[in-house]
Structures are given as C-alpha cells and as structure tokens.
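Q: I am new to this structure and would like a close look at a single part of it. Please walk me through the sheet and what packs around it, step by step.

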Amino acid sequence: VHQALDNLETHFPEFKGKGYQIAGFGWHQGYNDMLSTQADEGYEQNLVDFIRDIRAELGKPKLPFSIATTGHGGMKVTPEQRRTLAGQLNVADPKKHPEFAGNVFTIDSRPFQYSVEQSPKSDGSHWNYNGKTLYLIGKGMGDGMVEMLKR
C-alpha cells in the first residue's frame, strides 16, 4: 500500500498534484478460513487485530471498515455453525467490540445467496457467479460505508 501510494503519480499520472485520501476500507473475505478449523476458531480475534493493524499502519485510528460476511450457503447457515460468519458479524456489534461502535459495519450477505438454478455456474464458489449477488454485496458494503462517513 505504501509503495503504491508513494508512487501514485507514476502509476496514475492523472493524479499529479491531486494527492489522495483514504476514507474507508472494504473487506469481503473468509471463505477459505471457514474451511480450516484453526482459521475458523480464531477468525474474530484475527479480524479485530487486522482492523487495528490496518488503522495503525495507515495512521487512521477510526478508519471506517465495511465488511461483508462469508454468507455462502444462505440463511440455512447459522453463525453457530460457522465461527467465521459469527466473527464477521460480531466485530460490528458495539456490545462485543465497543471500540468499533460507529466505525465498523457488517452486511450479512447470506440473504443474497441465489440457487444454482438462478445462477450461471453451479460449482458453489464465488456465489455461483451470480451477478445480482455480487451487486447486492457491493451495494450493502457501500451503503454501510456511506452511513459511517456521514457521522
């Protein structure tokens, strides 16, 4: 990140003299973590540490984070079944993580799972390549970020 930002005008000449602002961070990840018992068990604490580390590295102690859950399997999958899913939901819970109140948002992507019959692929990965699912995840993350930035 630092290398890219330090050389922004080299990579993107149109930014010459304009600078940049890091206003927020989007995070949609975790599928492979839920497949590993070790990663799944430690996911919530690892995500908390990741948020803290990114904020420290970028010098932005309240940098908004917009997170989308790993909702593969839809609503039939519960947070109790998947600690990765629970961790992604929990980091935005102000009772569980008061330091993130108002600056970490999680969109539950499970309702955006469409059936194989409604999707272009049926391999189970990447939401069966369903464009509507991907749009809804992005929109949910974006809407959450906009709300945090309004504060």
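A: Happy to! One definition helps at the start: two strands count as paired if DSSP finds at least two bridges between them. Please also keep in mind that this is a predicted model.

With that in hand, let's begin with the strands. Three of them form an open sheet in the order β1-β2-β3, and their pairing is parallel. The edges are β1, covering 25-28, and β3, covering 104-107, each of which pairs on one side only. From one strand to the next, the twist averages 20 degrees.

Now look at how β2 meets one of those edges. Strand β2 spans residues 65-68, and four bridges join it to β3, the two running parallel. One residue to find here is A68, whose bridge partner in β3 is I107.

Next come the helices. Helix α5, made of residues 43-58, lies across β1, β2 and β3 and runs at about 150 degrees to β2. Helix α7, made of residues 131-150, also packs on the sheet, where it touches β1, β2 and β3. The direction of α7 makes about 155 degrees with that of β2.

What fills the space where side chains gather? In soluble globular proteins, nonpolar side chains tend to be buried together. Here, the largest nonpolar core has 11 residues: Y43, L47, V48, I51, I54, L63, F65, I67, V91, F100 and V104. At least two residues of this core come from α5, and at least two from β2. The biggest contribution is that of α5, which gives five residues.

To see this core from one residue's point of view, pick I54. Leaving aside its neighbours within four places in sequence, I54 is in contact with F25, L63 and F65. Apart from this core lies another, of six residues, and among them are A68, I107, W127 and M141. So the bridge partners A68 and I107 turn up again in this other core, which counts buried residues joined through side-chain atoms within 4.5 Å.

Finally, a glance at a residue outside this picture. H2 sits in helix α1, residues 2-6, and is partly exposed because its relative accessible area is 37%, a value between the limits of 20% and 50%. The side chains of H2 and E57 are joined by a polar contact of 2.6 Å. By contrast, H2 and V48 lie 22 Å apart in space, C-alpha to C-alpha, and 46 residues apart in sequence.

Key. Residues are numbered from 1 along each chain as its sequence is written. This is a predicted model: local features need pLDDT of at least 70, side-chain atom pairs count only at pLDDT 80 or more; totals for chains, interfaces and linings use all residues. Side-chain values use heavy atoms; hydrogens and water are left out. Buried means under 20% relative accessible area, exposed over 50%, partly exposed in between (1.4 Å probe, protein chains only). A polar contact is a pair of N or O atoms within 3.5 Å; within protein, one must be able to donate a hydrogen and the other to accept it, and residues adjacent in sequence count only if both atoms are side-chain atoms. Axes are lines fitted to C-alpha atoms, for helices over the stretch in contact, and angles run from 0 to 180 degrees between N-to-C directions. Contact means heavy atoms within 4.5 Å.
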